Amino acid sequence: MDRAIALQLVKKQLTEHRYVHTLGVMESSLRLAAQYGADLKKAELAAIFHDYAKFRPKEEMKQVVIDESLPLDLLDFGNELLHAPVGSILVKREAGIHDKEILSAIYYHTTGNGRMSQLEKIVFLADYIEPNRQFPGVEEVRDAAERNLNEACLLAVKNTVQFLMKQNQKIYPLTIETYNGLQEEIRRKK
Ligand code: DGI
Ligand code: FE
Ligand code: FE
């Protein structure tokens, strides 16, 4: 799918602010893909569609979880988690994107997982460091992204876990698996 068509489809789903964020993720995702030798087209499309379901009504998202047999424990965590897996389903259904690597990068963009593909890491990281993001620690993650994809993803997930703990929020098991998986991968490569 052509970039302009994809952007047109996603723009209708988002607020102006979230659309600007999406353009930032697209830019960062393309930059990371070029730097680390990933498929540019997949990095672009996954980024464009990553927050596709962000503004769907909670009830609709819950119904998708049930209809598509997504993990039911998603319903026991903040609604923030739902838009990523539900988004991958709706992007397939409504935008006709069937590429498994792209759909998986959308599915895991919020939590990551214990054995992340390169494309999953790129979209996860691009979502975190895109130019419009400003929160404590983001600059460090941007610097790390210049040097090492795994180290940058690890810093990002560490920041997220620390942030969630400070807010007394629950941590989804996949988020912990992401932390463990990246630690292992980094150790193996040393
Ligand atoms: O959709 P975005 O705002 O662009 O970014 P995102 O998809 O990474 O979502 C970030 C939100 O998800 C943020 O409010 C923290 C929340 N989150 C990420 N990991 C976890 C989580 N919330 C819970 N409860 N548990 C997690 O493990
Ligand atoms: Fe998101
Ligand atoms: Fe996002």
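Me: What is the relative accessibility of Lys 158?
Reply: This is a predicted model in which local features need pLDDT of at least 70, side-chain atom pairs count only at pLDDT 80 or more, and totals for chains, interfaces and linings use all residues. Residues are numbered from 1 along each chain as its sequence is written, chains are lettered from A and ligands numbered from 1 in the order written, and side-chain values use heavy atoms, without hydrogens and water. Lys 158 is found in helix α9 (helices are DSSP runs of H or I, at least four residues, numbered from the N terminus). Lys 158 counts as partly exposed (buried is under 20%, exposed over 50%, partly exposed in between; 1.4 Å probe, protein chains only) because its relative accessibility is 32%.

Me: How far apart in space are Lys 158 and Thr 178?
Reply: In sequence, Lys 158 and Thr 178 are 20 residues apart. From C-alpha to C-alpha, the distance in space is 9.6 Å.

Me: Which residue coordinates both the iron ion (ligand 3) and the iron ion (ligand 2)?
Reply: The protein donors of the iron ion (ligand 3) are His 21 (NE2), His 50 (NE2), Asp 51 (OD) and Asp 127 (OD), at 2.2 to 2.3 Å (donors are N, O and S atoms within 2.8 Å of the metal, or 3.2 Å for Na, K and Ca; water is not among the atoms, so sites may look incomplete). Along the sequence, the spacing of these donor residues is H-x28-H-D-x75-D. The iron ion (ligand 3) lies 3.5 Å from the iron ion (ligand 2), and the residue that coordinates both is Asp 51.

Me: How many residues apart are His 21 and Asp 127, and where do they lie?
Reply: His 21 counts as buried because its relative accessibility is 4%. Asp 127 also counts as buried, because its value is 10%. His 21 is in helix α2 (residues 16–36) and Asp 127 in helix α7 (residues 118–129), and the two are apart by 106 residues.

Me: Which residue offers a polar backbone atom 2.9 Å from an oxygen atom of ligand 1?
Reply: Polar contacts are pairs of N or O atoms within 3.5 Å; within protein, one must be able to donate a hydrogen and the other to accept it, and residues adjacent in sequence count only if both atoms are side-chain atoms. An N or O atom in the side chain of His 21 is 3.1 Å from an oxygen atom of ligand 1, and a polar side-chain atom of Asp 51 is 3.2 Å from one. The backbone contact at 2.9 Å comes from Tyr 172.
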